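Colleague: Please walk me through this structure and show me how to read its features, one at a time.

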Amino acid sequence: MITVNELALSFGSGGQRNKVLNEVGFSVKEGEVFGLVGESGSGKSTVLRCLAGLYSHWEGEMAIAGQPLGRKIDRERCRLMQMVFQDPYGSLHPRHTVDTALSEPLKIHKMDNIGERVRQMLLKVGLNESFRYRYPHQMSGGQRQRVAIARALILEPRILLLDEPTSALDVSVQAEILNLLAELRARDGLTYILVTHDLGVVVHLCDRVAVMQQGRIVDTLDSASLSNGGATHPYTRSLVDATRSYSREMAAV
Ligand SMILES: Nc1ncnc2c1ncn2[C@@H]1O[C@H](COP(=O)(O)OP(=O)(O)OP(=O)(O)O)[C@@H](O)[C@H]1O
């Protein structure tokens, strides 16, 4: 469904030029959840931003269902693919109610039955009618992320690009949001690309995962291999070991 080939991207020019993506390539099947993991600054979010059309100066090739992706965001791309960001407070307009946030894309895309679509979407993400006219500051972090997911899904895209969708949330609500994402995917056959630094999230949600280091994909493996000790690449093993020792230390506190 999604193919990325030789994707490269730099920031700056001349002596300041910083190549942050280098020959990145992967493919994601329809209905699959594909994870991108790796250390901070390895380029995970930048890959998602290129796919979402937030950067246009990339080189290489990206395609969805065989159709090459252009450099500009167009309506077609918005209908097909949406992004959910880490911080729902930052991604929702502070002076827009939930109703406005969800209705706006429908109006732009000239969709019908706007009121009913908004009502159904709120139910779909586990929020009842009482949330419809609330502002972002009148909700918890988990509820705000549900609204951000609802807004991403309101145009009925086939693909969600999820950039650390639970890392800004309280540990107690992280599992709720992961379960919601798993349910939505199962119900609607969605395809996800999920950026995370949390290998627990990968094991919970992803089918396969690519490991990034310094702008390159250094390993691609089934996520089950991460939990059952099947990772063979030295960098992937070091990530798994670091996570295990961090969990042990946390358990000892
Ligand atoms: N707009 C920008 N201008 C210049 N450099 C940037 C810009 N955006 C990202 N970078 C650089 O690109 C590199 C990759 O950043 P990116 O956000 O993709 O990493 P990441 O793997 O998602 O990290 P994290 O897990 O910390 O979010 C980093 O070195 C970052 O400093």
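**Backbone, fold and ligand shell**

Modeller: Let us start in the loop between α4 (98-108) and α5 (114-124), where Lys110 is found; helices here are DSSP runs of H or I with at least four residues, strands are runs of E with at least two, and both are numbered from the N terminus. Residue numbers start from 1 along each chain as its sequence is written. The model is predicted, with local features needing pLDDT of at least 70 and side-chain atom pairs counting only at pLDDT 80 or more, while totals for chains, interfaces and linings use all residues.

Colleague: What is the phi of Lys110?

Modeller: Lys110 is not a glycine, yet its phi is positive, at about 50°. Glu6 shows a positive phi of about 50° as well, again without being a glycine, but Glu6 sits in strand β1 (residues 2-11).

Colleague: Which of the classes, buried, partly exposed or exposed, fits Lys110?

Modeller: Count the other C-beta atoms, placed from the backbone, within 10 Å of its own: 20 or more is buried, 12 or fewer is exposed, and in between is partly exposed. Lys110 has 7 such neighbours, so it counts as exposed. Glu6 has 13 and is therefore partly exposed. Over the protein's 253 residues, 34% count as buried.

Colleague: In which order do the strands of the open sheet lie?

Modeller: Two strands pair if DSSP finds at least two bridges between them. Here 4 strands follow the order β2-β1-β4-β5, with antiparallel pairing. β2 (18-28) and β5 (67-68) each have a single partner strand, which means that one side of each has no neighbour in the sheet.

Colleague: How many bridges join β1 to β2?

Modeller: There are 7 between these antiparallel strands, and Thr3 has Ser27 in β2 as its bridge partner. The hairpin of β1 and β2 has 6 residues between the strands, and in it Gly12 takes a positive phi near 80°. On the other side of the order, β4 (residues 59-64) is joined to β5 by 2 bridges, and Ile64 stands opposite Gln67.

Colleague: Which residues have the most contacts inside the largest nonpolar core?

Modeller: A nonpolar core is a set of buried Ala, Val, Leu, Ile, Met, Phe, Trp, Tyr and Cys residues joined through C-beta atoms within 7 Å. The largest one has 61 residues, and Leu7 and Leu161 have the most contacts inside it. Helix α6 (residues 141-153) gives the largest share, 5 residues. For contacts, the cut-off is 7 Å between C-beta atoms placed from the backbone. Leaving out residues up to four places away in sequence, Leu7 touches Leu21, Val24, Gly25, Val47, Cys50, Trp58, Gly60 and Met62.

Colleague: What percentage of contacts between residues at least 6 apart joins residues at least 24 apart?

Modeller: In this protein, 66% do. The secondary structure comes to 10 helices and 10 strands, and the C-alpha atoms fill a box of roughly 50 × 50 × 35 Å along the principal axes.

Colleague: Finally, which residues surround the ligand?

Modeller: A residue is near the molecule if its C-beta atom, placed from the backbone, lies within 6 Å of it. The shell consists of Phe11, Val20, Gly38, Ser40, Gly41, Ser42, Gly43, Lys44, Ser45, Thr46 and His197. Helix α1 (residues 44-52) supplies the largest share, 3 residues. By class there are 2 nonpolar, 8 polar and 1 charged residues, where Ala, Val, Leu, Ile, Met, Phe, Trp, Tyr, Cys and Pro are nonpolar, Asp, Glu, Lys and Arg are charged, and the others, Gly among them, are polar.

Terms used
Two residues are in contact if their C-beta atoms, placed from the backbone, lie within 7 Å.
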